[in-house]
There are 2 protein chains.
Amino acid sequence: MKKIKIGLLGLGVVGSGSIDLLRSSALKIKELYHVELIISKALAHSQASIDKREGLDDFNLTLDIDDIINDPEIAIVLELMGTIEPAKSYIMKALKAHKHVISANKDLIAQHGMELITCANDNKVSFYYEAAVCGGIPLLRTITNSYASDDINKVIGIVNGTTNYILTKMNEERVSYEVALLEAQRLGFAESDPTNDVLGYDAAFKMGILTYFAYGMFLKQEDIIKDGITNIKVDDLEYATNNEYLIKLVGSSIKYSEGIYVEVMPTLINKKHLLAHVNNEMNGVYIYSNALKEALYYAPGAGALPTANSVISDVLQVVKDINNNTYQRFNHYNKPVSLASNQEIIASYYFNIKINKLDDLKSLIAQVSNAKMITNVTYKEIDDNKQGYFIIKDINNNECECFTKNIININGEIINKFKVID
Amino acid sequence: MKKIKIGLLGLGVVGSGSIDLLRSSALKIKELYHVELIISKALAHSQASIDKREGLDDFNLTLDIDDIINDPEIAIVLELMGTIEPAKSYIMKALKAHKHVISANKDLIAQHGMELITCANDNKVSFYYEAAVCGGIPLLRTITNSYASDDINKVIGIVNGTTNYILTKMNEERVSYEVALLEAQRLGFAESDPTNDVLGYDAAFKMGILTYFAYGMFLKQEDIIKDGITNIKVDDLEYATNNEYLIKLVGSSIKYSEGIYVEVMPTLINKKHLLAHVNNEMNGVYIYSNALKEALYYAPGAGALPTANSVISDVLQVVKDINNNTYQRFNHYNKPVSLASNQEIIASYYFNIKINKLDDLKSLIAQVSNAKMITNVTYKEIDDNKQGYFIIKDINNNECECFTKNIININGEIINKFKVID
């Protein structure tokens with residue numbers, strides 16, 4: 001039976017998961033692909049980590065990347081280290097040594113993806129990274145394989161498991177963000193430094209990669225508007241559930257007539273929408289398109305085995321490529337980036353504001369030409385102030401900004417602002 | 001630019017949808033695949049249908065299948081006719097003429113699939129049929145590409161849009177099956193002869209094909225237990241919603257230790273389960289597995305463009321095969337069929353029965369060793385009889401059968417019986 005040797009970079013959660021999954025699925029893979037996949041060498045980050053694994057592995061551990069790069073028998077390199085450097089340099093080395101590369105590194109691909117993709121193409125090897133977006137959901141390969149004849153116009157999703165876990169807890173137990181975060185950290189759903197997750201950066205990385213697959217446009221991260229979940233109040237959760245909504249951190253990538261708009265925003269989702277029921281650490285992504293209309297893909301967005309399954313699925317695609325004596329671009333779709341104008345972007349917004357006079361607010365809203373409706377108004381007396389919660393429907397980005405600026409003219413203060421999806 | 005010619009069999013809903021989609025996506029396909037896909041000939045079923053399309057098409061219409069089979073320029077044949085014959089003979093002819101074939105014909109593939117698959121393999125051509133299962137959901141290719149290193153243990157889904165539309169209407173408007181069926185027929189969601197859909201045959205075809213992809217086992221249709229929706233009463237819907245359930249026609253394919261069990265059954269699904277919220281003509285399929293844990297795939301299960309998108313996605317896979325000068329089995333996974341024993345199959349059941357004495361029923365349930373719980377009991381006085389509704393949890397198939405048979409000994413009559421999913 002044909003043997004294909006693999007070099008593994010990174011022995012963390014996903015690396016260990018990949019080792020385990022290759023072991024447990026070895027027999028099935030032999031039956032299906034008539035190939036034996038062998039991790040022959042793995043890069044550890046320290047002598048201590050080599051010592052710790054003594055007796056565990058049937059492959060060689062090394063501290064020198066060149067042991068893997070210069071091994072002509074290794075055909076596939078798995079980069080499961082995370083962060084930008086040295087992962088980026090190692091991938092470039094491997095690609096230049098004509099090895100196929102698989103990566104789970106969303107930060108790296110969202111920020112330096114085109115450089116890596118071009119390098120893979122120049123060296124006629126495949127570069128796959130299914131595991132970089134939503135862990136276990138087979139989303140990128142599905143867009144490549146099943147949307148080529150379709151025309152995607154909107155991708156919206158819950159793409160970060162950490163924040164979804166925190167928001168689920170806040171909603172179910174009516175606890176503050178701080179309490180829910182501690183619980184998530186205790187259970188391993190949030191890292192000790194949760195910045196990347198809770199401020200929306202991680203979700204923005206994923207939305208960037210999804211945008212590239214959906215529309216062929218590779219955005220700079222600064223073109224993606226992002227806001228996190230750190231300011232969400234129990235008040236807001238209560239308003240939402242009382243008005244048939246749930247609060248989620250939602251990434252959206254929408255095609256308007258002039259260009260695309262990508263953002264990550266805390267959002268009120270109507271309970272009738274399936275996305276509102278994507279809970280805990282699960283991820284779910286809706287794709288809206290001309291032919292398929294609407295589709296939802298839902299699975300764990302992180303975790304050792306779900307993510308490892310995406311990694312090994314990439315490996316098996318490389319096995320096909322090797323058998324066909326070819327290589328592939330993961331995503332063939334390439335268009336110049338074109339961003340939507342602020343005038344084009346229509347959305348509904350929820351406001352949580354402190355205010356003195358309801359009439360002032362009404363006249364302010366009346367000035368916003370496109371605001372078709374103000375609904376679900378609730379007031380609460382807090383000391384001398386009124387605290388109001390309401391939703392304005394069908395307002396464009398410019399008008400929303402103008403509305404937001406003018407709140408101050410009527411002696412109001414915006415405590416929180418969310419997107420609304422019905 | 002490379003041109004690939006296609007022969008089209010069938011000009012119905014999916015055939016016309018495929019013509020439209022090939023037109024609307026021609027530019028994108030050229031950009032992505034550097035190929036021009038041309039329908040060069042189409043088989044019509046009558047001279048009248050040829051006359052009706054005069055001036056509509058830029059391809060030749062013929063009544064003679066051999067015009068297509070004997071055309072050496074045609075590389076791909078799309079069989080979008082439906083029913084068994086002559087579709088089966090035409091596919092066999094095309095495969096033997098070394099043409100790649102794509103089919104959307106679930107009836108044919110579920111019943112004669114292995115013969116066609118073997119023929120394709122013998123003639124070294126690809127035979128794909130993504131559109132045969134759940135229309136637009138890219139389910140079969142996802143199982144092939146993303147579950148090869150995983151181990152699927154359960155597939156449950158709403159795989160028939162017609163019955164799901166009828167049940168959604170019955171539930172939302174509390175109308176009888178008969179009234180909801182008429183409405184579905186009026187709107188084109190049910191055929192004038194709805195037998196195949198409402199008795200569960202169509203869903204069983206799809207569950208058979210899904211079972212083949214999930215476990216490599218190609219079942220005979222008689223090995224799939226099936227029941228339809230024609231006996232569902234408004235009473236049952238009321239009981240279900242009052243107890244946090246919704247009624248759906250659910251296909252399930254479950255791996256037990258000794259073998260698999262596949263059925264299509266009216267089922268009470270807990271409202272907390274996302275599947276309970278798959279409404280109207282939509283389809284949704286959950287796949288449970290060792291690595292990925294749980295995943296849901298949700299999209300329209302029928303309709304011209306969603307189904308055509310699956311057809312054209314198959315065409316584009318064939319384009320890759322042609323470029324690589326190869327062919328592929330759609331599903332590599334092949335195992336001898338092994339069916340689960342009745343003792344192994346554990347499930348919960350809902351009963352709607354007419355009964356005289358609650359105590360008799362309680363003692364009957366006590367005899368069923370594995371019935372851990374009887375819950376959600378409701379009674380209604382109807383004339384002299386009591387009508388009772390309740391759920392028994394964790395009961396196996398054998399015990400359920402014994403329980404069902406003994407109802408009559410206590411002067412009871414089963415009006416309806418459903419599976420329950422929590």
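Start by selecting Arg174(B): with 30% relative accessibility, Arg174(B) counts as partly exposed. Keep in mind as you click around that this is a predicted model. Arg174(B) sits in the loop that links helix H8 (161–173) and helix H9 (177–186) of chain B. Check its backbone too: phi of Arg174(B) is near 50°, a positive value in a residue other than glycine.

Now jump to the other copy and pick Arg174(A). Its loop runs between helix H8 (161–173) and helix H9 (177–186) of chain A. Phi of Arg174(A) is near 50°, again a positive value in a residue other than glycine. Arg174(A) has 31% relative accessibility, so it counts as partly exposed.

**Both chains together**

Show both chains and try a superposition. A turn of 180° with a shift of 0.0 Å along the axis lays chain A on chain B, and the RMSD is 0.0 Å. The two copies are thus related as by a two-fold rotation axis. Want a landmark for that axis? Select Tyr297(A): in chain A, its C-alpha is the one nearest the axis, 2.5 Å from it.

Next, colour the interface. Of the interface residues of chain A, 100% are also interface residues in chain B, so the copies meet through the same surface.

**Chain A as a whole**

Hide chain B and switch to cartoon. You'll be looking at 15 helices and 16 strands in chain A. The radius of gyration of chain A is 24 Å, close to the 22 Å the globule rule gives for 422 residues, so chain A is as compact as a globular protein of that length. Along the principal axes, its C-alpha trace spans about 80 × 45 × 35 Å.

Colour by burial and 60% of the 422 residues of chain A count as buried. Turn on the surface, and the accessible area of chain A comes to about 16,400 Å², with 49% of it belonging to carbon and sulfur atoms. If you'd rather draw a contact map, take the contacts in chain A between residues at least 6 apart in sequence: 74% of them join residues at least 24 apart.

**The six-stranded sheet**

Which order do the six strands of the open sheet in chain A follow? Reading across, the order is E3-E2-E1-E4-E5-E6, and the pairing is parallel. Strand E3 (60–62) and strand E6 (127–128) of chain A stand at the edges with a single partner strand each, so one side of each has no neighbour in the sheet.

Zoom in on strand E1 (residues 2–9) of chain A. On one pairing, E1(A) meets strand E2 (residues 35–43) of chain A in the parallel sense over eight bridges. To see one of the paired positions, select Leu9(A) along with Leu43(A), its bridge partner in E2(A). E1(A) also pairs with strand E4 (residues 74–79) of chain A, in the parallel sense over five bridges. Here, pick Lys5(A), which stands opposite Ile74(A) in E4(A).

Slide over to strand E5 (residues 100–103) of chain A, which pairs with E6(A) in the parallel sense over two bridges. Ile102(A) has Tyr128(A) as its bridge partner in E6(A).

Now add helix H5 (residues 87–96) of chain A. H5 lies across E1, E2, E4, E5 and E6 of chain A and runs at about 155° to E5(A).

**Last stop: a cis proline**

Go to Pro86(A), in the loop between E4 and H5 of chain A. The peptide bond joining Glu85(A) and Pro86(A) is cis, with omega about 5°. Bring chain B back and a cis peptide bond joins Glu85(B) and Pro86(B), where omega is about 5°. Pro86(B) lies in the loop between strand E4 (74–79) and helix H5 (87–96) of chain B.

Notes: Residues are numbered from 1 along each chain as its sequence is written. Chains are lettered from A and ligands numbered from 1 in the order in which they are written. This is a predicted model: local features need pLDDT of at least 70, side-chain atom pairs count only at pLDDT 80 or more; totals for chains, interfaces and linings use all residues. Side-chain values use heavy atoms; hydrogens and water are left out. Copies are superposed by least squares on the C-alpha atoms of residues with pLDDT of at least 70 in both. Contact means heavy atoms within 4.5 Å. Two strands pair if DSSP finds at least two bridges between them. Helices (H or I, at least four residues) and strands (E, at least two) are DSSP runs, numbered from the N terminus. Axes are lines fitted to C-alpha atoms, for helices over the stretch in contact, and angles run from 0 to 180 degrees between N-to-C directions. The radius of gyration is taken over C-alpha atoms; the globule rule is 2.2 Å times the number of residues to the power 0.38. Buried means under 20% relative accessible area, exposed over 50%, partly exposed in between (1.4 Å probe, protein chains only). Accessible areas come from the Shrake-Rupley method with a 1.4 Å probe; for residues, only the protein chains shown count as cover.
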